[in-house]
Amino acid sequence: MTHVRQVHRVTRLTMALCIALACSIFASQAHADHGTSITSAAEELVREAQAQEAAAEEQKALRLYTEALGIDPTCRDAYLGLAALRLRLGDAREAERVYSMSLEHVPDLHAALLGRARARRTIGKSPEAAVDLEAYASKEDNPRALRELARWYGEDGRLLAQLAVWRRLYILASTREDNALATEAKTMIRALQIMVHPMDPVTAPPAPAQMRTTIARIARRGG
């Protein structure tokens with residue numbers, strides 16, 4: 001009889017464990033299905049927003065992008081669509097805020113760095129914009145972004161910083177065997193070297209210690 005009771009006890013324990021495991025699996029599947037449902041709903045709203053935007057119904061598009069983020073605060077396309085539309089409508093400060101929020105929720109959304117850089121440039125935050133564009137160009141290894149960064153530095157009169165970017169572009173072009181980009185970069189490097197000489201720490205002749213210190217300080221400022 002004792003043996004029978006032990007068998008029954010083990011059987012009940014086994015059944016309890018099986019039920020608990022089944023409940024756990026069901027809960028996990030339900031959670032996954034719920035997450036998929038949320039993502040699908042947000043993506044559908046994004047598609048509707050894009051259609052409204054294409055039809056020049058910007059206010060409806062803004063509302064739909066916002067609703068998508070209310071459903072799924074990690075929806076990449078909703079952030080990018082909302083911020084880009086805000087920027088296109090002339091609200092660069094709001095665009096900057098949306099891009100910043102997107103990076104808080106989706107840190108690897110590199111495209112948001114590019115968008116925020118342009119928004120910050122628009123509202124006069126040039127140093128912060130350059131930092132964002134530099135970060136984006138480095139993460140994406142993007143020649144177009146580096147060209148844009150070089151142009152910004154040129155517009156701001158930061159010729160040493162501009163020269164440094166074109167040197168990066170030349171290295172990138174050489175690595176990728178992009179002859180057209182390499183030729184363009186070499187041309188820009190030569191022109192900028194003439195303009196910044198003797199402040200260029202790469203090509204300038206040896207200078208007295210005090211002059212070297214001054215040149216290094218200017219170089220750290222980017223021009």
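1. Helix α8 (residues 159-176) and helix α9 (residues 179-196) cross at roughly 155°, and their axes come within 9 Å. Angles over 145 degrees count as roughly antiparallel, and α8 and α9 are therefore roughly antiparallel to each other. Their crossing is left-handed. Note that this is a predicted model.

2. Which residues make the contact of α8 and α9? From α8 come L159, L160, Q162, L163, W166, R167, L169, Y170 and A173. From α9 come L181, A182, E184, A185, K186, M188, I189, L192, Q193, M195 and V196. Sorted by class, the contact of α8 with α9 has 15 nonpolar residues, two polar and three charged.

3. A second helix pair is α2 (residues 58-71) and α3 (residues 76-88). Helix α2 and helix α3 pack at an angle of about 150°, and their axes lie 9 Å apart. α2 and α3 are therefore roughly antiparallel to each other. The crossing in which α2 passes α3 is left-handed.

4. Now the residues between α2 and α3. On the α2 side they are E58, A61, L62, Y65, T66, A68 and L69. They meet D77, A78, Y79, G81, L82, L85, R86 and R88 in α3. What is the class make-up of the contact of α2 with α3? Nine residues are nonpolar, two are polar and four are charged.

5. On the descriptors: two packed helices are described by the angle between their axes and the distance between the axes. For α8 and α9 these are roughly 155° and within 9 Å. For α2 and α3 they are about 150° and 9 Å.

Technical notes. Residues numbered from 1 in each chain as written. Predicted model: local features only at pLDDT ≥ 70, side-chain atom pairs only at ≥ 80, totals over all residues. Heavy atoms only, no water. Axes fitted to C-alpha atoms, helices over the stretch in contact; angles between N-to-C directions. Helix = DSSP H or I, 4+ residues; strand = E, 2+ residues; numbered from the N terminus. Parallel < 35°, antiparallel > 145°, perpendicular 65-115°, else oblique. Left-handed = near helix turned anticlockwise from the far one by under 90°. Contact = heavy atoms within 4.5 Å. Nonpolar A, V, L, I, M, F, W, Y, C, P; charged D, E, K, R; others polar.
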